[in-house]
Amino acid sequence: MIEQLAADGAIRREKDFAPDQIQPASLDLRLGTVAYRVRASFLPGTAKVSQRIQELTLHQFSLKDGAVLETGCVYIVPLLESLALPADVAAAANPKSSTGRLDVFTRVIADEMRGFDRIEAGYIGPLYAEISPRTFPVLVREGARLSQIRFRHGHAQLDAEALKALHKEQRLVDSDDADLSDGIAVSVDLSGTIAGEGRSGIVGYRAKRHTAVIDVERRAGYNVADFWEPIDARPDQRLILDPDEFYILASKEAVQVPPGFAAEMVPFDPLVGEFRVHYAGFFDPGFGYAGAGGKGSRAVLEVRSREVPFILEHGQIVGRLVYEKMLGMPKSLYGQGIGSNYQAQSLKLSKHFKV
């Protein structure tokens, strides 16, 4: 269906799609040839993004031969893809998993839009990526993929009854007392003792400061110890999050997304504002699914505390996984011969680091 949208002109691109650019339920978005360093993040509101860029740009530079994006700065990059959506098709974007695990804050914006990562039905116009590396400076170039976009027709999210029925049929989570009241409750694992997964008492990683640059397209090219500090499990199974530090943790639950469905991680409670979990919260059809080589997968949690230290406890609910029904069955599933990096994962850093 995504291929058909492109054939019909609803998805436009300056260059042909890469062979693996269309994922089971999403389309990877590619950076264009130029980046703009801007004074601040913004929403276009009633204006075009290009107008805001003119007002806020400090300098611009080419991405054709690669360029480093520095931490603490905000960049706007026009994307190679643009849209001319039908009146009944909307779109939603989110960072790719590898982007979130590098703490690269990335959002998609469009002309006259009042929210990030949400494209209204019938939108015609360009797309832009707002990029702000938070912990590591990153090297990007034209064609790099930091975000992905999904397309929706109507209301796809399963309600509580439909979710319970799907769980009874497919066993979406390995917990016998799963909370399915408003999506599947996802909690954090701080025990370090998940059976059979070789965790060796490590419950997560904390990012180091003042590191070398990470090339976002280089796989298994960096030593973990140069960028991360392992976090050992404590007897009290707690972890104090330091303000403005970035952590990679894992969920206590192993989850799966059956064929014909997709899922998204959403905040457990918007009123719990002390920390943010999961920058890249989209799960393709087949994630963790036994038929696609999964047997259930842990959700990797990208966690950042806000202004104050905050204590996480083992089993504390940090998010909910909401499921959506696909309009059709994907040609291929996540983990099934498409180069998926995180199938059957436990606690796992991004693909850029040596195992």
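# Getting to know the model: why each name fits

Mentor: Welcome! In this predicted model, 33 residues line the largest pocket, and Met1, Ile2, Pro24, Ala25 and Met326 are the ones nearest its centre. Helix H1 (2-7), strand E12 (145-152) and strand E24 (317-325) each give two or more residues to that lining.

Trainee: How much space lies in the largest pocket, and which classes of residue make up its lining?

Mentor: The space comes to about 920 Å³. The lining has 20 nonpolar, five polar and eight charged residues.

Trainee: What makes E12 largely enclosed by the rest of the structure?

Mentor: Six of its eight residues are buried, so the strand is largely enclosed. For a residue to be called buried, its relative accessible area must be under 20%.

Trainee: Which strands pair with E12, and how do you know that they pair?

Mentor: Two strands pair if there are at least two bridges between them. Strand E2 (residues 27-30) has four bridges to E12, and strand E7 (residues 90-95) has six, so both meet that cut-off. E2 pairs with E12 in the antiparallel sense, and E7 does so as well. To find these pairings in the structure, look for Asp28 opposite Gln148 and Ala91 opposite Phe151.

Trainee: Let's turn to the open sheet. What is its strand order, and why are E16 and E20 called edge strands?

Mentor: The order of the five strands is E16-E14-E18-E22-E20, with antiparallel pairing. Strand E16 (228-232) and strand E20 (275-277) each pair on one side only, and that makes them the edge strands. From one strand to the next, the twist averages 30 degrees.

Trainee: How do you know that E14 and E16 are paired?

Mentor: Five bridges join strand E14 (residues 202-207) to E16, and at least two are needed, so they count as paired. They run antiparallel. Within this pairing, Gly204 has Ile231 of E16 as its bridge partner.

Trainee: Now the rings. Why is the pair of Trp228 and Phe246 called tilted?

Mentor: There are nine aromatic pairs in the structure. In this one the centres are 6.2 Å apart, and the limit for a pair is within 6.5 Å, so the rings qualify. Their planes are 45 degrees apart; under 30 would be stacked and over 60 edge-to-face, so this pair is tilted. It links distant parts of the chain, with Trp228 in strand E16 and Phe246 in strand E18 (residues 246-255), 18 residues apart. Both Trp228 and Phe246 are buried.

Trainee: And what makes Phe283 and Phe287 an edge-to-face pair?

Mentor: Their planes are 80 degrees apart and their centres 4.8 Å apart. The angle is over 60, so edge-to-face is the right name. Phe283 and Phe287 are both buried.

Trainee: Which residues form the aromatic cluster?

Mentor: Phe136, Tyr222, Phe227, Trp228, Phe246 and Phe353 form one cluster.

Trainee: Why does Arg171 count as partly exposed?

Mentor: Its relative accessibility is 40%. Buried would need under 20% and exposed over 50%, so Arg171 falls in between. Arg171 lies in the loop between helix H4 (160-170) and strand E13 (184-187), and its phi is near 50 degrees, a positive value in a residue other than glycine.

Trainee: Where is Ala220, and why is it called partly exposed?

Mentor: Ala220 sits in the loop between strand E15 (214-215) and E16. At 43% relative accessibility, Ala220 is therefore partly exposed. Its phi is positive too, about 50 degrees, although Ala220 is not a glycine.

Definitions and conventions. Residues numbered from 1 in each chain as written. Predicted model: local features only at pLDDT ≥ 70, side-chain atom pairs only at ≥ 80, totals over all residues. Heavy atoms only, no water. 1 Å grid on protein atoms, 1.4 Å probe; cavity = no way out; pocket = protein on both sides within 12 Å on 5 of 7 lines; lining within 4 Å. Points joined across faces, edges and corners; volume = space filled by probe spheres on them. Nonpolar A, V, L, I, M, F, W, Y, C, P; charged D, E, K, R; others polar. Axes fitted to C-alpha atoms, helices over the stretch in contact; angles between N-to-C directions. Phe/Tyr/Trp six-rings, centres within 6.5 Å; stacked < 30°, edge-to-face > 60°. Buried < 20%, exposed > 50% of the residue type's maximum accessible area, 1.4 Å probe, protein only.
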